[in-house]
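Here's a short tour of a few residues worth finding for yourself. Keep the 3D view open and click along as you read.

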Amino acid sequence: MPQGVFFFEKLMTNKEVVLKAVQFIENNLKSEIDVFRVANEVCYSLFHFIRLFQSITGYSPKNYIQQRRLTEAVYELRDSDKKIADMAYDFQFGSHEAFTRAFRKQFHVNPTEIRNGHSLSILALVAPLTPEYIYQSDKVRDTTPELLDMPEK
């Protein structure tokens, strides 16, 4: 095989790339991940990944990660007696205060209120993005990216 030529078994469509990214995010909500790592996971540049993810999902990748972490924290607050500070660190917030600020900004209530039985029905919880949600998006065509063979500079 000539130098500089790569073989790809199957090119993924843009929507498949986003699905793979969502799956990676969902599997790593309690891990230290950032948008750059997710872009690397799907083999896209940071710039193109952010544009693609936002155009298909309506969320920036960073915003989606944070909203999913906070949503999962709501369920953990409701279903466990774990300390709020421990949850903050589990979901990769730098401090209890940062977690509480982000939580209040997204849900307009404090984590303690959820623990004390506040209704979840009025919260703006963000469910994991599903293939059905992504495949209904008509913002980006479901086509395979075109590979161009460029001369060496």
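In this report a helix is a DSSP run of H or I with at least four residues, and helices are numbered from the N terminus. One thing to keep in mind: what you're looking at is a predicted model.

**Two residues with positive phi**

Let's begin in the loops. Between α2 (35–41) and α3 (46–57) there's a loop, and Cys43 is found in it. Cys43 isn't a glycine, yet its phi is positive, at about 60 degrees. Further along the chain, the loop between α6 (96–107) and α7 (111–115) holds His108. His108 isn't a glycine either, and its phi is also positive, at about 65 degrees.

Are these two buried or exposed? Cys43 has a relative accessible area of 67%, and anything over 50% counts as exposed, so Cys43 is exposed. His108 comes in at 62%, so the label is exposed here too.

**Aromatic rings**

Now for the rings. How many aromatic pairs does the model have? The count comes to 6. Tyr59 and Tyr64 make up one of them, and here are the values for that pair and for another one:

| Pair | Centre to centre | Angle between planes | Type |
|---|---|---|---|
| Tyr59 and Tyr64 | 5.7 Å | 55 degrees | tilted |
| Phe99 and Phe103 | 5.6 Å | 50 degrees | tilted |

Take the Phe pair. Phe99 and Phe103 are 4 residues apart in helix α6, which means that about one helical turn separates them. Phe99 is buried, with a relative accessible area of 0%, and Phe103 is buried with 0% as well.

The Tyr pair is a mixed case. Tyr64 is buried at 0% relative accessibility, whereas Tyr59 is partly exposed at 22%. Why isn't Tyr59 called buried? Buried means under 20%, and Tyr59 has 22%, so Tyr59 counts as partly exposed. Both Tyr residues also belong to one aromatic cluster, together with Phe49 and Phe53.

**Thr57, a partner for Tyr59**

Finally, look at Thr57, which lies in helix α3. What does the side chain of Thr57 reach? That side chain comes to 3.1 Å from the backbone nitrogen of Tyr59. Thr57 is buried, with 2% relative accessibility. Leaving out residues up to four places away in sequence, Thr57 touches Val18, Leu129 and Tyr133.

Technical notes. Residues numbered from 1 in each chain as written. Predicted model: local features only at pLDDT ≥ 70, side-chain atom pairs only at ≥ 80, totals over all residues. Heavy atoms only, no water. Buried < 20%, exposed > 50% of the residue type's maximum accessible area, 1.4 Å probe, protein only. Phe/Tyr/Trp six-rings, centres within 6.5 Å; stacked < 30°, edge-to-face > 60°. Polar contact = N/O pair within 3.5 Å; in protein donor to acceptor, adjacent residues only side chain to side chain. Contact = heavy atoms within 4.5 Å.
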